[in-house]
Amino acid sequence: MSGFWNSLLSSTLCKSTKWPALHYIHQNLRTGEWVASDNRVLLAELNGAIPMFELWDAAGNPVNVDLTYNDYEGLIESTVQAVDKTITLSHIKHKGLFTFISNCAVLKSDFDKVREFIGADGVIKFKDIYTPIYFISSDKQRRALMMPITHDNVLKAKWKLLDVDENELGVFNSWQEAHDMGDMFGCDYIIKVFKDDKNGY
């Protein structure tokens, strides 16, 4: 792993071929900030690094590819403007594989990663709708966004297992079932909540 950035960035990269720029860690060539996203979680770390190369692989090697990274600064700014509630860690509830920030459900593994990244004294801001949840460390040097799961009752949701081209491999009654089947296949996979258009979720 690279010594340039927090190691959690190296484990927060997107697998989907639909988002090739998110396969890499981005360095903001204006501020030096490091950014990584797996399309559920976005981590951004401002640690005083001098801007060097725009894209890096997880091992810390610069890569030369013709890809444009998304406007993560605009996404963070629009999220900060939208969120209107603050919560402390003591008011966050965990149930099985999920963490609930008020009515917003996220994967507990994602929440644990972000909590480790921003520190136990970080601030969490959110809105009780499908808007990214915003996290910031007490020293303001590490920021994160996390997308809540779009389902009225996440504990009863079905989950799709996809390959990296986002072709459906199956639908399962729980996230854990989808995860276990993905591991059995022995290749990279993606898990998303199943949306049934007929039933509106």
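**Helices, rings and charged pairs in a predicted model**

I50 counts as exposed, because its relative accessibility is 64%, and the cut-off for exposed is over 50%. The structure described here is a predicted model. I50 sits in a loop, with β3 (41–45) on one side and β4 (55–56) on the other. On the surface, I50 belongs to a nonpolar patch together with F4, M52 and F53. The accessible area of these residues together is about 390 Å².

Two members of this patch also take part in ring pairs. F4 and F53 are linked with W5, W34 and W56 into a cluster by such pairs. Across the whole structure, the search finds nine aromatic pairs. One of the pairs brings together W34 and W56, with ring centres 5.4 Å apart. The planes of these rings stand at 75°, so the pair is edge-to-face; the cut-off for that class is over 60 degrees. W34 belongs to strand β2 and W56 to strand β4. The pair thereby links distant parts of the chain, 22 residues apart. Both W34 and W56 are buried.

Helix α1 spans residues 72–82, and its buried residues are Y72, I76 and T79. These residues lie on the same side of α1, because the arc they cover around the axis is only 65°. Several strands contribute to their cover. Among them are β1 (25–27), β2 (34–37) and β3. Strands β10 (133–136) and β11 (142–146) also cover the buried residues of α1.

Helix α3, residues 175–185, has W175, A178 and G182 as buried residues. They too are placed on the same side of their helix, α3, because they cover an arc of only 65° around the axis. The buried residues of α3 pack against β7 (98–101) and β8 (104–107). They also pack against β12 (159–162), β13 (168–172) and β14 (190–193). Just after α3 comes G186, with a positive phi of about 75°.

Charged pairs were examined next. Side chains of opposite charge can pair when their charged atoms come close. The whole structure holds ten salt bridges by this search. One of them joins R30 to E73, and their closest N and O atoms are 2.5 Å apart. R30 is in the loop between β1 and β2, whereas E73 is in helix α1, so the bridge ties together parts that are 43 residues apart in sequence. R30 is exposed, because its relative accessible area is 59%. E73 is partly exposed, because its relative accessible area is 28%. Helix α1 thus has buried residues, including I76, and a partly exposed residue, E73, in a salt bridge.

Another salt bridge lies within helix α2. The side chains of D112 and K108 meet there, with 2.8 Å from N to O. Both residues belong to α2 (residues 108–118) and are four residues apart, about one turn of the helix. D112 has 23% relative accessibility and therefore counts as partly exposed. K108 has 27% and therefore also counts as partly exposed. Elsewhere, D38, R40 and D110 are joined into one network by salt bridges that share partners. Within this network, D38 bridges to R40, and the closest N and O atoms are 3.7 Å apart. Is D38 buried or exposed? D38 counts as buried, because its relative accessibility is 14%, and the cut-off for buried is under 20%. R40 counts as partly exposed, because its relative accessibility is 36%.

The last site is G122, in the loop between α2 and β9 (123–126). G122 is buried, because its relative accessible area is 17%. With residues up to four places away in sequence left out, G122 touches I136, S137 and S138. I136 falls in strand β10 (133–136), one of the strands that cover the buried residues of α1. The C-alpha atoms of G122 and L67 are separated by 32 Å, and these residues are 55 residues apart along the chain.

How values were computed
Residues are numbered from 1 along each chain as its sequence is written. This is a predicted model: local features need pLDDT of at least 70, side-chain atom pairs count only at pLDDT 80 or more; totals for chains, interfaces and linings use all residues. Side-chain values use heavy atoms; hydrogens and water are left out. Patches are made of residues with over 30% relative accessible area and no salt bridge: like charges are joined within 9 Å, nonpolar side chains (Val, Leu, Ile, Met, Phe, Trp, Tyr) within 5 Å. Accessible areas come from the Shrake-Rupley method with a 1.4 Å probe; for residues, only the protein chains shown count as cover. A salt bridge is a side-chain nitrogen of Lys or Arg within 4 Å of a carboxyl oxygen of Asp or Glu. Helices (H or I, at least four residues) and strands (E, at least two) are DSSP runs, numbered from the N terminus. Buried means under 20% relative accessible area, exposed over 50%, partly exposed in between (1.4 Å probe, protein chains only). The arc is that of the directions from the helix axis to the C-beta atoms. Contact means heavy atoms within 4.5 Å. Rings of Phe, Tyr and Trp (its six-membered ring) pair if their centres lie within 6.5 Å; planes under 30 degrees apart count as stacked, over 60 as edge-to-face and the rest as tilted.
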